[in-house]
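This report goes through one protein model, beginning with its charged pairs and then turning to its overall make-up, its nonpolar cores and a few individual residues. Please keep the sequence and the coordinates at hand while reading.

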Amino acid sequence: MAGAAAEERRLATVVESWLGRPVLVIGDAMLDEWRFAEPDRLCREAPAPVLSLRRRISAAGGAANTAVNVAALGGRAVLVAPVGADAAGDELHDCLDRAGVWDRTVNQPGRPTPVKRRMLAGNQILLREDSGDPDDALEQDGVVRLLTALECATEELRAAAGGEVPTLVVCDYGLGSLPAPVRAWLVAARDRYATVALDAHDLADWRGLAPTVVTPSFAEATRLLARAAARSDSHLHLDHPGADPADGPSELSVGSAPSRPDPAGSSTDGGPGGGATAASRLPLGRLTGPTGEPTPGEDRVAMTGDGLSVTGTGVTVNAEAGDGVDRAVLAESRLAELRAHTGADVVAVTLDTEGAVVGGADGAPRRSHSTPVPASHAVGAGDAYLAAMTLALAADAPLPTAAQLAQLAATITVSDTGTCVCRHEDLLDALGVPAGDPGHPVLVASDELADIVAAHRDAGRSVVFTNGCFDVLHPGHVRYLEQARALGDLLLVAVNSDDSVRRLKGPDRPVNPVEDRVTLLAALSCVDHVVIFEEDSPAALIETVRPDVYVKGGDYPPEMVPEAPLVRRLGGQVRTLGYVPDRSTSAIIERIRAQATGASDTAHRSDGPGQTLTGRPA
């Protein structure tokens, strides 16, 4: 139980550490519109239900929803994106204002704001209407104004954060908001951002960006590897699909499995997608080769009618194994190649309802899971995942921690219909930490102290450290700890283990086991963290914590404190606080023993031989 609490506190400390992190989001912003209706009767003109509109909700979508999630999680979010001068654009501005996102979008007259309108009956999406054409390219003037907004927002964000280098999130969903000049500017300005996250339908468009993390769906990862295979095999016959019936990679539900190419490499039946050679029918596990710039006319990944194949750049990645395909296993096997093709430090392949597979420089894949939910609940969950992953990495969290928090953020947003947004307080609540109370006392492990203290110091908090047995908690302890807490912003209490107490106090101590002692200490409002140590001296913990103030109880001068030279060498100061008279653990124990002895003597005098205090035979 203590280990689980310590893990939750460790994750919560990371969530607290990213508060106020400056994040610039740029990309395809859109408006999500939700129309909730009830079927009343059948239409006379056709066998279709007549729906009565009951409720309508508008929400930020795409890059705008990523910015909303960054702000909701506690970051300082700025959005740069082209937005149409229309009613949908006005609603999008309102959504950004309500979410606390710094709206630095660029007005684009004549270019409509992309909108996804969903009609629902009950919890079921009946239809979706999309507006906003990817072919509506930005005018040259619009590109110039977008670059100007990008430059100004970067400097504005850095100044507001006291000179801290901002984080960049790029959301490229193929809607034309990031033309070649903007991509080139971002690649050239890569050094102006500490952490860079990339979420793009076509990752090959961003070669040279060297992002910190990319978050492709399984289909986007497949497309990139397929294109790499196409580049490495010049004799491939590429048969581009004429349309893209799939609604984005998140709706792809099949993986890739080994095919059976002709050993001689001769042409075989092209199968779904048509015209593919044996080489182009390579399984995902064998796709190799460098990634080049996309050629004109290359279409996005498309699902073929039989639902068993995926075609991208005309290359068919065969999935004849059907339900037997494990996308997570396939993704894990290709993480290194995906990192090489994208130039990213971290690759997180998202698997919609199956969670994600994450890999970093150490080569160890990390698997996270999610709970399947209705499709209407999961819209925008990827934006929450991207926002949390970005903030965690920007806060220098270890990759396993970042992956865990990202998956948690995505999972807790899918409880209801609508565009997913994960709030800071929701994430803390899921971790068992009350929102607005980042210093809630909790038992922590000794190997967590360095990260915990570093996070508090990054937030400008001074650390007070004290230690003791705290065997029988009494008013003297409480007053002492309250005085210690008043000397700084954070009070860390180190408690001797049971074995340590026995060595220091004798075989009949402690009276209370360490689990009880730390539970009582953690319940005090003046105590921020409690840690157990096995040694007789807290010297090792002092080395780790490097306290600003080290406090001991007693009436002797600080120079007599054994730990004083170490604390001063580490840059801290030593304070001694007097105990409350007649309030000590030893005195309380002696009184209890005296009373117990007196009661025993009385019992022996009042009871006859062979009888107990109850008068019954012994």
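How many salt bridges does the structure hold? The structure, which is a predicted model, holds 26 salt bridges.

## Salt bridges between distant parts of the chain

One of these pairs joins aspartate 32 to arginine 118, with 3.6 Å between the closest N and O atoms. The two partners come from distant parts of the chain, since aspartate 32 belongs to strand E2 (residues 29-42) and arginine 118 to strand E8 (residues 115-121), and their positions lie 86 residues apart in the numbering. Are the two partners buried or exposed? Aspartate 32 counts as buried because its relative accessible area is 4%, under the 20% limit for that class, and arginine 118 is likewise buried, at 5% relative accessibility.

A further salt bridge brings together the side chains of arginine 327 and glutamate 354, at an N to O distance of 3.0 Å. This pair also links distant parts of the chain: arginine 327 is in helix H7 (residues 327-333), whereas glutamate 354 is in the loop between strand E16 (346-350) and strand E17 (356-359), and the two are 27 residues apart. In this case the partners fall into two classes of accessibility, for arginine 327 is buried, with a relative accessible area of 4%, while glutamate 354, with 32%, is partly exposed.

## A partly exposed pair and a network

The side chains of arginine 423 and glutamate 425 also form a salt bridge, with N and O at 3.3 Å. Glutamate 425 is partly exposed, at 31% relative accessibility, and arginine 423 is partly exposed too, at 40%. Elsewhere, salt bridges that share partners join Glu33, Arg35, Arg56, Glu91 and Arg117 into one network.

## Overall make-up of the chain

The protein chain has 18 helices and 24 strands. Of its 618 residues, 51% count as buried, and the area that the chain exposes comes to about 26900 Å², of which carbon and sulfur atoms supply 52%. When contacts between residues at least 6 apart in sequence are considered, 72% of them join residues at least 24 apart.

The structure holds zero disulfides. Two of the cysteines can be described by their accessibility: cysteine 95 is buried, with a relative accessible area of 8%, whereas cysteine 152 is partly exposed, with 46%.

## The nonpolar cores

Which residues of the largest nonpolar core touch the most other members? Among the 61 residues of this core, they are Trp18, Leu79 and Met389. Helix H9 (residues 381-394) gives the most to this core, contributing nine residues.

With residues up to four places away in sequence left out of the count, leucine 79 touches Val25, Ala29, Ala63, Ala64, Ala67, Leu96, Val101, Trp102, Asp103, Arg104 and Thr105. There is also a second, separate core of 42 residues, and its members include Val80, Leu150, Ala200 and Val214.

## Alanine 388 in helix H9

Alanine 388 is found in helix H9, and with a relative accessibility of 0% this residue counts as buried. Beyond the residues up to four places away in sequence, alanine 388 touches Trp18, Leu73, Leu405, Ala406 and Ala409. For one of these partners a backbone distance is available as well: the C-alpha atoms of alanine 388 and alanine 409 are separated by 6.5 Å, although the two residues are 21 residues apart along the chain.

## Asparagine 467 in strand E20

Where does asparagine 467 lie? Asparagine 467 lies in strand E20 (residues 463-468), and this polar residue is classed as buried because its relative accessible area is 9%, under the 20% limit.

The side chain of asparagine 467 makes a polar contact of 2.5 Å with the side chain of tyrosine 550. Apart from its neighbours within four places in sequence, asparagine 467 is in contact with Ala494, Phe533, Pro538, Tyr550, Val551 and Lys552, so that tyrosine 550 appears both in this list and in the polar contact.

Technical notes: Residues numbered from 1 in each chain as written. Predicted model: local features only at pLDDT ≥ 70, side-chain atom pairs only at ≥ 80, totals over all residues. Heavy atoms only, no water. Salt bridge = Lys/Arg side-chain N within 4 Å of Asp/Glu carboxyl O. Helix = DSSP H or I, 4+ residues; strand = E, 2+ residues; numbered from the N terminus. Buried < 20%, exposed > 50% of the residue type's maximum accessible area, 1.4 Å probe, protein only. Polar contact = N/O pair within 3.5 Å; in protein donor to acceptor, adjacent residues only side chain to side chain. Contact = heavy atoms within 4.5 Å. Areas by Shrake-Rupley, 256 points an atom, 1.4 Å probe, with all protein chains shown as cover. Core = buried A, V, L, I, M, F, W, Y, C linked by side-chain atoms within 4.5 Å. Disulfide = S-S within 2.5 Å.
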